[in-house]
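Morning, everyone. Please have the structure open on your screens while I talk.

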2 protein chains.
Amino acid sequence: MAQRSSRVSASSENLAALFDPKSIAVVGASDDVAKFGARPIHFMLQGGYQGPIYPINPKGGTIQGLNAYRDIRELPEPVDMVVISVPAKHVVEAATACAEAKAKSAVIFSSGFAEVGDQGTLWQDQLRGIALDSGMRIVGPNCMGMTNSASRAVGTFSSVFAQAWPEVGGISVISQSGAVGAYMLVMGMERGLGLRTWITTGNEVDVDVSDCVAQCAEDPGTDVIVAYIEGAKKPDQMRRAFETARLSRKPVIVMKVGASDVGAEAANTHTASLAGADAIYDAVFRQYGVYRATSLENMLDVAQACATKQFPQTRKLGIVTVSGGAGVIASDAAEDHNLDLPPLPASAQKELKDLMPFAAVRNPVDTTAQMANDPQLFRRNLEVMLEVGGYDSVLTFLATIGLSATHILGDIIGILRDIAKTKPKALMVLSMLCRPDTKRELEALGYLVYEDPNRAIGVIGAMNYFSDEFRRPPEGTPPALAATARAVPSQPLTEHEAADLLRDAGISMVPGKVATNAEDAAQAAEAIGFPVVLKIVSAEIQHKSDIGGVKLNLADAAAVRGAFDDIMTAARAAQPEAQLDGCLVAPMISGGVETILGVNRDPLFGPVVLFGLGGVFVEVLKDVTFRAAPFDVAEAHRMIREVKGYGMLEGVRGSKPADVDALAHTLSQLSVFAAANTDTLEGIDLNPLLVLDEGQGVVGVDAVVIPRGSEG
Amino acid sequence: MAQRSSRVSASSENLAALFDPKSIAVVGASDDVAKFGARPIHFMLQGGYQGPIYPINPKGGTIQGLNAYRDIRELPEPVDMVVISVPAKHVVEAATACAEAKAKSAVIFSSGFAEVGDQGTLWQDQLRGIALDSGMRIVGPNCMGMTNSASRAVGTFSSVFAQAWPEVGGISVISQSGAVGAYMLVMGMERGLGLRTWITTGNEVDVDVSDCVAQCAEDPGTDVIVAYIEGAKKPDQMRRAFETARLSRKPVIVMKVGASDVGAEAANTHTASLAGADAIYDAVFRQYGVYRATSLENMLDVAQACATKQFPQTRKLGIVTVSGGAGVIASDAAEDHNLDLPPLPASAQKELKDLMPFAAVRNPVDTTAQMANDPQLFRRNLEVMLEVGGYDSVLTFLATIGLSATHILGDIIGILRDIAKTKPKALMVLSMLCRPDTKRELEALGYLVYEDPNRAIGVIGAMNYFSDEFRRPPEGTPPALAATARAVPSQPLTEHEAADLLRDAGISMVPGKVATNAEDAAQAAEAIGFPVVLKIVSAEIQHKSDIGGVKLNLADAAAVRGAFDDIMTAARAAQPEAQLDGCLVAPMISGGVETILGVNRDPLFGPVVLFGLGGVFVEVLKDVTFRAAPFDVAEAHRMIREVKGYGMLEGVRGSKPADVDALAHTLSQLSVFAAANTDTLEGIDLNPLLVLDEGQGVVGVDAVVIPRGSEG
């Protein structure tokens, strides 16, 4: 055990070395920069990497002016990272040598592995073994590798670095696709984004996207994490990594693809990675405050904004505009993003109105074109927004002033420089047309600049999302498994047995008694109290109502006796072979809001809990939401509020609010039960679970529990 | 009548003159280009406008080298357009002179009208009178005016034209905001868009946004119409203009703002225009195939694409990519936009696989990085997509090749040029990073180029939207008003009277008979057939159920008699002052899908018809849709399919499909009745209207009709 934990810590230390390597060897090094193996050395020499670079080549001699070693085991020191760029058939041998040389990590460019066929899969298994045995972390194979902008460490062959280097900053970029990773990198460079580590993970024999997020969450140099994900392999670690990032106030911006059937198919042929259902990913992102980008452009917009670290304290947005129309556009967009536009205090409105008689001064403040003739008006407007208005975000629309050939542009930039010097606590966003150099100048002052006002507001919305998510307390501990909980058996369960199992797991279920003859049924009904329901009990009958196996609203003993006989007759007629265990007698419950709780075994995330409202909400609108189990009561509350029909639980047309607290406890309890039975549980349908009036709790009416392996 | 129709045709001819003026006068002309009145002349002289330009200035002499006239009435000819740039108090006088000089149109820059106060409103009324009396079309006041890129006619003071001229093309831009109009113009110029007429409408005393859309729809030089709208004033004309554009296959791309409360407020202070409810606008846009842009950026993206006129015949999209990841991104986006990704024929797949053993060749075709080393592979791929695949849109992802410093970029451009020469019938879209000059070069060849793959797919989706909308037949004639239809009376109606009124208007309603005593009620029930429903009849009792005024499911005569007495007693107890007219006896209807039909008087669009599914769909989910009345049955069908709960009508859980045809007929008939009673009808609630099984029709159960003026 001690050995294992020291291996885990070594593994984590080695991962850190991979992200910021202080010494680098290249297996397959060459003088010919057209070759992949030559490029890392070439780029590092160009870029000014300060650590030792060790070319490895069986011929020895010098490579690109550096002393080359014939074998990695001859190096004077164990290196932080080795780049391996040799044909697939030599990779296992090379990786073995690296592990023997105690290299902390290896980046394998070579393709020809699982993406090609069986021999490649075998080699990948061997590589995985080497990583596990030695603790050396392996990236790839079939990947584009990594760089660290700060140190200019290069473990990639991407020709991007032949032309320019990204600015140094706190944004780390992780990609499961090399080409998309390179594309994002260049998009970021074109925008002047400050980058930290860039890494692409290829076939993920060892280091996967979750490891990378986890490492970035720990890395003091990383402020913002950007990840392109096709499919995760270590869901638990991914969730932990997301939570670590959130608690460190590091925004995680994810582009998750493969939602479409066609997309998912392409993802499979592309990385052979297993894509979980998109709805589950979406739920996990919401659960951990991850921002799901809608496009690469959106991803970089939000990353750039996050790099300012100006997460607004509140949703109060102030708008200053030289055009009323642009103010309307921005106001509409603000509403879409749940931003508030409180008016300026009356005294401030009066001051501005005195300065600009034709202006609108509430919020948006529309200075009209007057401002273009008197930049000091602009200064005063911004001062008022920041000092008196107390807005946490300020959007300023400057139209085409940025393209002006007159002195006005210089005046405006001067004022923006002065304002920036006061270190305003607000997120400062400009929407304007301007030349690229003006944009860079303003960005360097801490402003975000977008041509399109909707895009500007979208980014402010994203910043507020993170603000809210960072404020949320750490993920709580789920409740303990009920003391009376039993394990899910391996045999099929009748409805009655399923209900008992869930009741013992702490879920409130309608009480009931199985009666084997009409007289027993009548007696049970007397004990329970009328009206009652009778249902056939048989593990072999699935659709009880369809065969006449259910009778509702039985008001007296005579009705119960008659119903018992009718049900048994109908069941015998419908399924003569089925074993009939009698009828379940249960109270007739009326009222309450119908909900559906479920558990499903996701191939990636394991047990996943579903919640939805009953009836048309599920059947027509598919209005459901998910969470990976287990989760705490607070998360259950968030989950409940995600469905569109949530209003049903708040009370419709004068009906009382439902007992949402009890529902949340039940959801959380169900998730704990599901997690405790990961290996034996295929699925649960608790449908309906009635949510009674506030304070009255919930009660499950029907339950199906399917043990794993019994599902047919 | 002849006089009126000749005035209408003169008015329409004068509008055409405004959009493409062959002679221009400027009232308030000056030598000082800092002044608004000097700028149109200055810009036209710079731009090379070929028609006569007449400066008007009481001092006479020459202005900017042109002979100046002291009075517009001294001009040698009536001009197509006069620009008026004088202080507000002189504008009415100037406009009067222009009308006397038989100017066809006038553009009034001057501010200080309705946006300022009562005197300004009075002046506006006078200007409206001048326009009506003379037929001279007036743009503004308080507007930024217009330009025509082709002729370089200028009726604007916008400094945009001091720096550059837009490219000449077929995109006309209309804006209710001068500043937003100018911003859109510059955004378009930065993208190299080919523009036709650009016009901003200001206070819209005469020419409004609907006139402008209508004129562009008729203008042979306009291919694409882009409009920024805060609020329309002539809804019927707007609808006709949209339909004219659609039938001429001219895409209309609208950014409609003022949806937010705050936004609507700002719109009011800005242009004093009346904004209708956003949901109604949205419905009108859908009804006439208008594309509602989500941002200015999106608006210009779509306009640029439309200018290619390559509207795809089908939704079949082919994707060629050098990166599997980008293929997944594009596939996901394609699904979001309802685009199809049919696989290549097997033979084509085989051919490509032979060429590129490591490629995915289905669709998306992922050529892998191999293509970057062999551009002829790229050529063959595109050829196969176009010739064999038969895709109507082809997206090609080229990563960062556009930034490549090597020969590869030239090779690729050469191939794209060759392909363009074959005049492919497909919409050709590229997603890549490239320098601005490369982008322009490719755009000139007919390719659309977007950095972001999601944005590229979004544009393909928009092009398919237009394709579908252009294919739709012309708006049909609504059915005739039922021969038995009566006018809505001015007095409040009981439920029974409302039902009779609707029945006579051709709406199927539950039959019923009013009984004034228990015995009559029982006899009526016998005649109708059991079970029946009894409801109190009183114009003064609104919530019948709440006071015990409704009894359901009465199975025999005795039950009916008892219920009659109970209802009358309860009603007397609850509202002793109310006049009770007896009880309505109606059949108890069961089954059918509950829907809600309604009519509401919109301050802008007049009678508007609502459709929704009953119960939670309306009450919790607000799942309703609208149409301006009247509309034909085909439009009603489209309306029905817009609600999220439409699946309810298709049959849920084995229930039969509902009679959607009958529902559509009823909606259309209701819209005709509403339109025929525009002046007298405040609203209708037909709730529920039950839609029975296919072939069984519909039946309205409860109806409320509120005559206008009787609602308070």
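I'll take two sheets of chain B, then the interface with chain A.

One caution before we start: this is a predicted model.

Start with the parallel sheet in chain B. Five strands, so 5 in all, form an open sheet, and the order is β2-β1-β5-β6-β7. Which strands stand at the edges? They are β2, residues 53-56, and β7, residues 137-139, both of chain B. Each has a single partner strand, so one side of each is left without a neighbour in the sheet. Neighbouring strands are turned by 20° against each other on average, with direction ignored.

Now look at β1 of chain B, residues 24-27. It is joined to β2(B) by 4 bridges, and the two run parallel. For a landmark, find Val26(B): Pro55(B) in β2(B) stands opposite.

Then add the helix. Helix α3 of chain B, residues 88-100, lies across β1, β5 and β6 of that chain. Its direction is about 165° to β5(B), which covers residues 81-84.

Next, the antiparallel sheet, also in chain B. Here 4 strands form an open sheet in the order β20-β23-β21-β22. At the edges are β20, residues 513-515, and β22, residues 550-554, and each pairs on one side only. The twist averages 25° from one strand to the next.

Inside this sheet, β21(B), residues 532-536, runs antiparallel to β22(B), with 3 bridges joining them. Lys535(B) has Val550(B) as its bridge partner in β22(B).

Two helices go with this sheet. Helix α20 of chain B, residues 518-528, lies across β20, β21 and β23, at about 15° to β23(B). Helix α21 of chain B, residues 557-574, lies across β20, β21, β22 and β23, at about 20° to β21(B).

Last, the interface. How many residues of chain A are in contact with chain B? The count is 69, and they meet 70 residues of chain B. The two chains bury about 5,000 Å² between them, 64% of it on carbon and sulfur atoms.

Now the polar side. There are 4 salt bridges between chain A and chain B. One of them links Glu297(A) to Arg455(B), with the closest N and O atoms 2.7 Å apart. Residue pairs in polar contact between the chains number 20.

On the chain A side, helix α12, residues 324-336, supplies the largest share, 8 residues. By class, that side has 34 nonpolar, 18 polar and 17 charged residues.

That's my tour. Questions, please.

Key: Residues are numbered from 1 along each chain as its sequence is written. Chains are lettered from A and ligands numbered from 1 in the order in which they are written. This is a predicted model: local features need pLDDT of at least 70, side-chain atom pairs count only at pLDDT 80 or more; totals for chains, interfaces and linings use all residues. Side-chain values use heavy atoms; hydrogens and water are left out. Two strands pair if DSSP finds at least two bridges between them. Axes are lines fitted to C-alpha atoms, for helices over the stretch in contact, and angles run from 0 to 180 degrees between N-to-C directions. Contact means heavy atoms within 4.5 Å. Buried area is the accessible area (1.4 Å probe) that two parts lose on being put together, summed over both. A salt bridge is a side-chain nitrogen of Lys or Arg within 4 Å of a carboxyl oxygen of Asp or Glu. A polar contact is a pair of N or O atoms within 3.5 Å; within protein, one must be able to donate a hydrogen and the other to accept it, and residues adjacent in sequence count only if both atoms are side-chain atoms. Ala, Val, Leu, Ile, Met, Phe, Trp, Tyr, Cys and Pro count as nonpolar, Asp, Glu, Lys and Arg as charged, and the others, Gly among them, as polar.
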